[in-house]
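I open these notebook entries with a short lead-in before the structure is displayed. My aim is to record, entry by entry, what I looked up.

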Amino acid sequence: MYTPNPGSEFRVKFDFRVDFTNGGYVEGRDFLLDLEGTSVSDEDLKVMIVESMNLAKAGEVQIFKKAIVRRGEHQDTSG
């Protein structure tokens, strides 16, 4: 289960789209999630997206770009 960690050194920054099984979708651009390490697979990231947003009716999840960034070394004001 994904749990945010404001003390983590790394984050994953990505664009995504989640289609809902009951219609509609949600998209995000330059979305950030905390990481416990320096990498994350696309499959694990898809699970993290759904869990972090509590998307009960999530269907297909697409990731359009992904980068690992150090906290504070990217355009993010909560750094």
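**Entry 1: Asn 54.** I began with Asn 54, which is exposed, with a relative accessible area of 68%; it counts as exposed because the cut-off for that class is over 50%. I located Asn 54 in the loop between α1 and β3. I noted that the model is a predicted one. The phi of Asn 54 is near 55 degrees, a positive value in a residue other than glycine. I recorded this angle because most residues other than glycine have a negative phi.

**Entry 2: Asp 30.** I then looked up Asp 30, which also has a positive phi, near 55 degrees, and is not a glycine. Asp 30 sits in strand β2. Its relative accessibility is 38%, so I entered Asp 30 as partly exposed.

**Entry 3: overall layout.** I listed the elements of the protein as one helix and three strands. Their order from the N terminus is β-β-α-β. I compared the radius of gyration with the expectation for a compact globule: for 79 residues that would be near 12 Å, and the 13 Å of the protein agrees. Along the principal axes, the C-alpha atoms fill a box of roughly 40 × 25 × 20 Å. I noted that 32% of the 79 residues count as buried. The exposed surface comes to about 5,100 Å², with carbon and sulfur atoms supplying 46% of it. Of the contacts between residues at least 6 apart in sequence, 65% join residues at least 24 apart.

**Entry 4: strand β1 and its partners.** I asked how strand β1 (residues 10-20) is placed, buried or exposed. Nine of its eleven residues are buried, so β1 is largely enclosed by the rest of the structure. On the pairing with β2 (residues 25-35), I found nine bridges and an antiparallel course. These two strands form a hairpin with four residues between them, and Gly 23 in the turn has a positive phi of about 100 degrees. With β3, strand β1 shares ten bridges, again antiparallel. In that pairing, Phe 16 has Ile 63 of β3 as its bridge partner.

**Entry 5: Arg 11.** I placed Arg 11 in strand β1. Its relative accessibility is 9%, so Arg 11 counts as buried. Its bridge partner in β2 is Asp 34. The side chains of Arg 11 and Asp 34 also make a polar contact, at 3.2 Å.

**Entry 6: the nonpolar core.** I asked which residues touch the most other members of the largest nonpolar core. Among its 15 residues, they are Val 12, Phe 14, Leu 33, Leu 45 and Ile 49. β1, β2, α1 (42-53) and β3 each supply at least two residues of this core. β1 gives the most, with five residues. I followed Ile 49 further: leaving out residues up to four places away in sequence, Ile 49 touches Phe 14, Phe 16, Val 18, Leu 33, Val 61 and Ile 63. As background, nonpolar side chains tend to be buried together in soluble globular proteins.

**Entry 7: Glu 60.** I finished with Glu 60, which is found in strand β3 (residues 58-70). Beyond its neighbours within four places in sequence, Glu 60 is in contact with Arg 17, Val 18 and Asp 19. I also looked up its separation from Lys 46, 14 residues apart along the chain, and the C-alpha distance is 9.1 Å.

Terms used: Residues are numbered from 1 along each chain as its sequence is written. This is a predicted model: local features need pLDDT of at least 70, side-chain atom pairs count only at pLDDT 80 or more; totals for chains, interfaces and linings use all residues. Side-chain values use heavy atoms; hydrogens and water are left out. Contact means heavy atoms within 4.5 Å. Buried means under 20% relative accessible area, exposed over 50%, partly exposed in between (1.4 Å probe, protein chains only). Two strands pair if DSSP finds at least two bridges between them. A polar contact is a pair of N or O atoms within 3.5 Å; within protein, one must be able to donate a hydrogen and the other to accept it, and residues adjacent in sequence count only if both atoms are side-chain atoms. The radius of gyration is taken over C-alpha atoms; the globule rule is 2.2 Å times the number of residues to the power 0.38. Accessible areas come from the Shrake-Rupley method with a 1.4 Å probe; for residues, only the protein chains shown count as cover. A nonpolar core is a set of buried Ala, Val, Leu, Ile, Met, Phe, Trp, Tyr and Cys residues joined through side-chain atoms within 4.5 Å.
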